[in-house]
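Colleague: Could you take me through one loop of this model up close, and then follow its contacts outward into the strands? I'd like one connected account rather than a list.

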Amino acid sequence: MVELVVAPLDEGEYLLTVTGPNLIPVLESFQVGSASFFTSINEFSVDDNMNDDSYGNGDAEVNPGETIELSINLFNSGENECEMSTVTLSSASAWVEITRSQVGYPAIRPGEDRDGASPFIFRCLPGTPDGEILEFNASVHSGDGDWSGSFDLRVVGYEFDLVEF
């Protein structure tokens with residue numbers, strides 16, 4: 001996957017050409033339109049402090065075998081209020097077991113951010129390698145529309161030093 005970062009585009013149709021050495025060029029068109037609201041992931045936090053549903057060492061990092069409370073903050077950069085919404089968290093990683101995948105969010109006015117009613121809960125399975133990148137997708141469903149965003153969390157695993165063999 002390639003992610004292109006571009007300056008904000010005006011409404012209309014755009015053409016995109018993708019090419020490279022020894023490749024057949026691909027030409028695709030896409031539409032850019034305005035949205036009355038635009039919610040995005042503003043920030044997220046990892047809680048492994050042994051309170052409530054989390055189970056870990058309290059270092060705010062994802063470690064193998066920990067149960068994580070993951071709070072996701074949404075921001076509305078649109079011009080209108082985003083109605084109450086439900087966010088569904090998913091991951092294709094074999095190292096992740098999600099136990100609370102849906103969280104409700106209150107309405108978000110333009111220029112404001114909101115946390116969910118509760119955190120998402122997932123377990124990083126024992127044996128997850130150090131440095132493993134856990135990919136997550138957050139799908140937002142609101143009466144105003146649907147969208148999704150993705151983010152990654154890096155696993156900080158066990159470090160061993162072989163002193164003597």
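Modeller: Asp52 sits in the loop between strand 3 and strand 4, and keep in mind throughout that this is a predicted model. Asp52 is exposed, with a relative accessible area of 73%. The backbone is worth a look here too: phi of Asp52 is near 55 degrees, a positive value in a residue other than glycine. Most residues other than glycine have a negative phi. Met50 belongs to the loop between strand 3 and strand 4 as well, and Met50 also has a positive phi, about 75 degrees, although it is not a glycine. Met50 has a relative accessible area of 45%, so it counts as partly exposed.

Now step along to Asp53, where the loop reaches out to another part of the chain. Asp53 makes a salt bridge with Arg100, and the closest N and O atoms are 3.1 Å apart. What does that pair tie together? Arg100 lies in strand 6 (residues 96–100), while Asp53 is in the loop between strand 3 (39–47) and strand 4 (67–76), so the salt bridge links parts that are 47 residues apart in sequence. Both ends are partly exposed: Asp53 has a relative accessible area of 40%, and Arg100 comes in at 25%.

How many salt bridges does the model have under this rule? The count comes to three. Side chains of opposite charge can pair when their charged atoms come close. Besides the loop contact, there is one between Arg109 and Glu112, at 3.2 Å from N to O. Glu112 also forms a salt bridge with Arg114, with the closest N and O atoms 2.8 Å apart. Through these shared partners, Arg109, Glu112 and Arg114 are joined into one network. As for accessibility, Arg109 is partly exposed at 45%, Glu112 is partly exposed at 22%, and Arg114 is partly exposed at 28%. The cut-off matters for Glu112, because buried would mean under 20%.

From the charged pairs, let's move on to the strands. There is an open sheet of four strands in the order 7-5-10-11, with antiparallel pairing. Strand 7 (102–105) and strand 11 (145–154) stand at the edges with a single partner strand each, so one side of each has no neighbour in the sheet. On average, neighbouring strands of this sheet are turned by 25 degrees against each other, direction ignored. Strands of a sheet pair through backbone hydrogen bonds, either parallel or antiparallel.

Strand 5 is a good place to see the pairing residue by residue. On one side, strand 5 (residues 85–90) pairs with strand 7 in the antiparallel sense over four bridges. Within that pairing, Ser85 has Tyr105 of strand 7 as its bridge partner, and Thr86 has Gly104 of strand 7. Strand 5 is also joined to strand 10 (residues 133–142) by six bridges, and these two run antiparallel. There, Val87 stands opposite Val140 in strand 10.

Which residues of strand 5 are on the covered face, and which are on the uncovered one? Ser85, Val87 and Leu89 make up the covered face, and Thr86, Thr88 and Ser90 the uncovered one. Put that next to the bridges: Val87, on the covered face, is the residue opposite Val140, while Thr86, on the uncovered face, is the bridge partner of Gly104.

For a change from the charged contacts, look at the nonpolar surface. Leu4, Val6, Leu9, Leu16, Val18, Val26 and Phe30 make a nonpolar surface patch of about 590 Å². Strand 1 (12–18) and strand 2 (26–32) each supply at least two residues of that patch. Phe30 is found in strand 2, and with a relative accessible area of 35% it is partly exposed. Patch residues need over 30% relative accessible area, so Phe30 at 35% makes it in.

Back at the starting point, then: the loop between strand 3 and strand 4 holds Met50 and Asp52, along with Asp53 and its link to Arg100 in strand 6.

Technical notes
Residues numbered from 1 in each chain as written. Predicted model: local features only at pLDDT ≥ 70, side-chain atom pairs only at ≥ 80, totals over all residues. Heavy atoms only, no water. Pairing = 2+ DSSP bridges. Axes fitted to C-alpha atoms, helices over the stretch in contact; angles between N-to-C directions. Salt bridge = Lys/Arg side-chain N within 4 Å of Asp/Glu carboxyl O. Buried < 20%, exposed > 50% of the residue type's maximum accessible area, 1.4 Å probe, protein only. Patch = residues over 30% accessible without salt bridge, like charges linked within 9 Å, V, L, I, M, F, W, Y side chains within 5 Å. Areas by Shrake-Rupley, 256 points an atom, 1.4 Å probe, with all protein chains shown as cover.
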